[in-house]
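Please examine the sequence and the model below before reading on. The explanation that follows is meant to be read alongside them.

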Amino acid sequence: MEGSISSVISGRTMRAMAAVMFDPELGLDYSRVVHGEQRFAYSRPITAGDRLVVETTIENIRVAAGNDILTSRSEVSTEDGEHVVTTWAVTVARGTAEETA
């Protein structure tokens with residue numbers, strides 16, 4: 001069951017992250033983006049009836065080997081503010097760092 005819960009959380013956090021990444025001010029060329037990694041740190045199990053809220057922030061942007069690497073963090077809580085899980089995702093924009101340098 002944990003795999004299916006992780007899929008639900010991943011889907012919610014990816015939608016929230018997409019809102020950040022598609023922001024025109026960020027200037028990310030999504031046609032060059034690949035998923036780097038993702039991890040989860042649960043503070044409690046998700047239970048039936050939980051209504052979840054996701055807040056996503058960009059934690060870090062760095063350049064490595066001509067690629068822009070973006071790390072985002074999503075905090076998932078219940079509508080009542082009880083923390084459920086923190087997720088981190090690394091997104092790589094391939095070959096974009098040379099264009100902006």
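The paragraphs below move from the overall fold to the strands and then to individual side chains.

The model is predicted rather than determined by experiment. The protein contains two helices and four strands, and along the sequence these elements follow the pattern α-β-β-β-β-α. Of its 101 residues, 34% count as buried. The protein exposes about 6200 Å², of which carbon and sulfur atoms supply 51%. Among contacts with a separation of 6 or more, 64% are accounted for by residues 24 or more positions apart.

How are the four strands ordered in the sheet? They form an open sheet in the order S1-S4-S3-S2, with antiparallel pairing. Strands S1 and S2 are the edge strands, each pairing on one side only. From one strand to the next, the twist averages 15 degrees. In general terms, the strands of a sheet pair through backbone hydrogen bonds, in either a parallel or an antiparallel sense.

The sheet may be followed from the S2 edge. Strand S2 covers residues 52-64 and pairs with S3 in the antiparallel sense over twelve bridges. The two strands form a hairpin with two residues between them, and Ala-65 in that turn has a positive phi of about 50 degrees. Val-63 has Asp-68 in S3 as its bridge partner.

Strand S3, residues 67-78, pairs in turn with S4 in the antiparallel sense, over ten bridges. S3 and S4 likewise form a hairpin, here with four residues between them; Gly-81 in the turn has a positive phi of about 95 degrees. Several residue pairs mark the register of these two strands. Val-76 stands opposite Val-85 in S4, Glu-75 has Thr-86 in S4 as its bridge partner, and Ser-74 is matched with Thr-87 in S4.

Strand S4 also pairs with S1. Nine bridges join S1, residues 33-42, to S4, and the two strands run antiparallel. On this side, Phe-40 stands opposite Thr-87 in S4. Thr-87 is thus placed between two bridge partners, because it faces Phe-40 in this pairing and is the partner of Ser-74 in the other.Which of the strands are mostly covered? In S4, residues 83-93, ten of the eleven residues are buried. S3 is also mostly covered, with ten of its twelve residues buried. One residue of S4 is Ala-89. Ala-89 has a relative accessible area of 4%, below the 20% limit, and therefore counts as buried. The C-alpha atoms of Ala-89 and Thr-71 are separated by 5.7 Å, although these residues are 18 residues apart along the chain.

Arg-73 offers a contrasting case. This residue lies in strand S3, yet it is partly exposed, with a relative accessible area of 24%. The value lies between the limits of 20% and 50%, so Arg-73 is classed as neither buried nor exposed. Leaving aside residues up to four places away in sequence, Arg-73 touches Glu-55, Thr-56, Thr-57, Glu-59, Thr-86, Thr-87 and Trp-88. For one of these contacts, Glu-55, the separation is 18 residues in sequence and 8.3 Å in space, C-alpha to C-alpha. In a regular strand, side chains alternate between the two faces of the sheet.

The remaining features concern aromatic rings. How many aromatic pairs does a search of the whole structure find? The search finds one. The ring centres of Phe-40 and Tyr-42 are 6.2 Å apart and their planes lie at 20 degrees, so the pair is stacked. The reasoning rests on two cut-offs: ring centres must lie within 6.5 Å for a pair, and planes under 30 degrees apart count as stacked. Both residues of the pair are partly exposed: Phe-40 has a relative accessible area of 30%, and Tyr-42 has one of 33%.

A charged side chain is also placed against a ring. Arg-39 lies over the face of Trp-88, at 4.0 Å from the ring centre. Trp-88 is also among the residues that Arg-73 touches.

Technical notes. Residues numbered from 1 in each chain as written. Predicted model: local features only at pLDDT ≥ 70, side-chain atom pairs only at ≥ 80, totals over all residues. Heavy atoms only, no water. Phe/Tyr/Trp six-rings, centres within 6.5 Å; stacked < 30°, edge-to-face > 60°. Buried < 20%, exposed > 50% of the residue type's maximum accessible area, 1.4 Å probe, protein only. Lys NZ or Arg CZ within 6 Å of the ring centre and 35° of its normal. Pairing = 2+ DSSP bridges. Contact = heavy atoms within 4.5 Å. Areas by Shrake-Rupley, 256 points an atom, 1.4 Å probe, with all protein chains shown as cover. Axes fitted to C-alpha atoms, helices over the stretch in contact; angles between N-to-C directions.
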